[in-house]
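Subject: Structure for your review

Dear colleague,

Please find the structure below, handed over for your files. My notes on what was found in it follow directly after.

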Amino acid sequence: IKKTGYVEVMPGQQIRYTLSGIANNSTTSLTSFYWRDALPSQAVRLDKIITGTYNVPGNYKVVYQTNLSNGTWRTMYDNLSTMQSHTLDASPAALGLASNEYVTQVTFLFGRVPGGFRQGETPYIYCDVLSSLPHEYRFANKCDVGGMWRNQWIQATDRWVTIIYRGGPVPTLPRTGY
């Protein structure tokens, strides 16, 4: 799995993360196949997800955790087709979250996938950057993908670091006499 996003963002701006390389690169099937995105919840709030497509017909579901769910996963959307890209509204209003509640992790659950299973169209995750973050604050977004083979987890991870940019005052230049 590979994750990319903006290198710098301004507070209050929307950020888009691009996910690529989501695949079972082996020749054997994996069970409990998933990909997960752990949001840097100290810096962003989830807004929407573009699911992308996958090369094998099937269905999957998207689950999430929040800062108030005590480790319990909730279903965001279920019975989604791997052959169609979906735009999922993941805003707090769409998910019915409390005013002080926000999504901390999102996981796509595919179940059993054959060897060679991979993404087709690219998935994207859109988040809103908190407006209170200071200049040069850095945050990392982490993701992982994996599945079970003979009771052993096979996994890959990636992360992307973004820096907050706040325009500062323009420095006063010295007079040169010309």
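Which residue in strand 9 does Arg36 stand opposite? The partner is Thr107. Before going further, please note that this is a predicted model.

**The open sheet**

The pair just named belongs to strand 4 (residues 30-38) and strand 9 (residues 103-113), which run antiparallel to each other and are joined over seven bridges. Both strands are part of an open sheet of seven strands, in which the pairing is mixed and the order is 2-12-11-4-9-6-7. The edges are formed by strand 2 (8-9) and strand 7 (74-81); each has a single partner strand, so one side of each lacks a neighbour in the sheet.

**Salt bridges**

How many salt bridges does a search of the whole structure find? There are three.

One of them joins Asp37 to Lys3, with 2.0 Å between the closest N and O atoms. This pair connects distant parts of the chain, since Asp37 is in strand 4 and Lys3 is in strand 1 (residues 2-4), 34 residues apart. Both Asp37 and Lys3 are buried.

Arg36 takes part in another, meeting the side chain of Asp144 at 2.7 Å, N to O. Arg36 is in strand 4 whereas Asp144 is in strand 11 (residues 138-149), so this salt bridge ties together parts that lie 108 residues apart in sequence. The two partners differ in their surroundings: Arg36 is partly exposed, at 26% relative accessibility, while Asp144 is buried, with a relative accessible area of 9%.

Arg74 and Glu101 form a further salt bridge through their side chains, at 2.8 Å from N to O. Here strand 7 contributes Arg74, and the loop between helix 1 (92-95) and strand 9 contributes Glu101, so parts that are 27 residues apart in sequence are tied together. Arg74 counts as partly exposed, with 28% relative accessibility. Glu101, by contrast, is buried, and its relative accessible area is 9%.

**Strand 10 and the loop before it**

Strand 10 (residues 124-129) pairs with strand 3 (residues 14-20) in the antiparallel sense, over five bridges. Strand 5 (residues 44-50) also pairs with strand 10, again antiparallel, over six bridges. Tyr124 in strand 10 appears in both pairings: Thr18 stands opposite Tyr124, and so does Ile50.

Pro123 is found in the loop between strand 9 and strand 10. Is Pro123 buried or exposed? Its relative accessible area is 0%, and Pro123 is therefore buried. Leaving aside residues up to four places away in sequence, Pro123 touches Tyr17, Thr18, Leu19, Ile22, Trp35, Ile50, Thr51, Gly52 and Tyr54. Among these contacts are Thr18 and Ile50, the residues already named as standing opposite Tyr124. Tyr54 is 69 residues away from Pro123 in sequence, and the C-alpha atoms of the two are 9.9 Å apart in space.

**Cysteines**

A disulfide is a covalent bond between the sulfur atoms of two cysteines. How many disulfides does a search of the whole structure find? The search finds zero. Cys127 is in no disulfide, and the nearest cysteine sulfur, that of Cys143, is 12 Å away. The same holds from the other side: the closest cysteine sulfur to that of Cys143 is in Cys127, and a distance of 12 Å is too far for a bond. Cys127 is buried, with a relative accessible area of 0%, and Cys143 also counts as buried, at 3% relative accessibility.

**The largest pocket**

The largest pocket holds about 190 Å³ of space. Its lining is made up of 15 residues, and those nearest its centre are Ala23, Asn24, Asn25, Leu30 and Ile154. At least two residues of the lining come from each of strand 4, strand 11 and strand 12 (152-164). Strand 4 thus recurs across these notes: this strand pairs with strand 9, holds Asp37 of one salt bridge and Arg36 of another, and supplies part of the lining of the largest pocket.

With kind regards

How values were computed:
Residues numbered from 1 in each chain as written. Predicted model: local features only at pLDDT ≥ 70, side-chain atom pairs only at ≥ 80, totals over all residues. Heavy atoms only, no water. Pairing = 2+ DSSP bridges. Helix = DSSP H or I, 4+ residues; strand = E, 2+ residues; numbered from the N terminus. Salt bridge = Lys/Arg side-chain N within 4 Å of Asp/Glu carboxyl O. Buried < 20%, exposed > 50% of the residue type's maximum accessible area, 1.4 Å probe, protein only. Contact = heavy atoms within 4.5 Å. Disulfide = S-S within 2.5 Å. 1 Å grid on protein atoms, 1.4 Å probe; cavity = no way out; pocket = protein on both sides within 12 Å on 5 of 7 lines; lining within 4 Å. Points joined across faces, edges and corners; volume = space filled by probe spheres on them.
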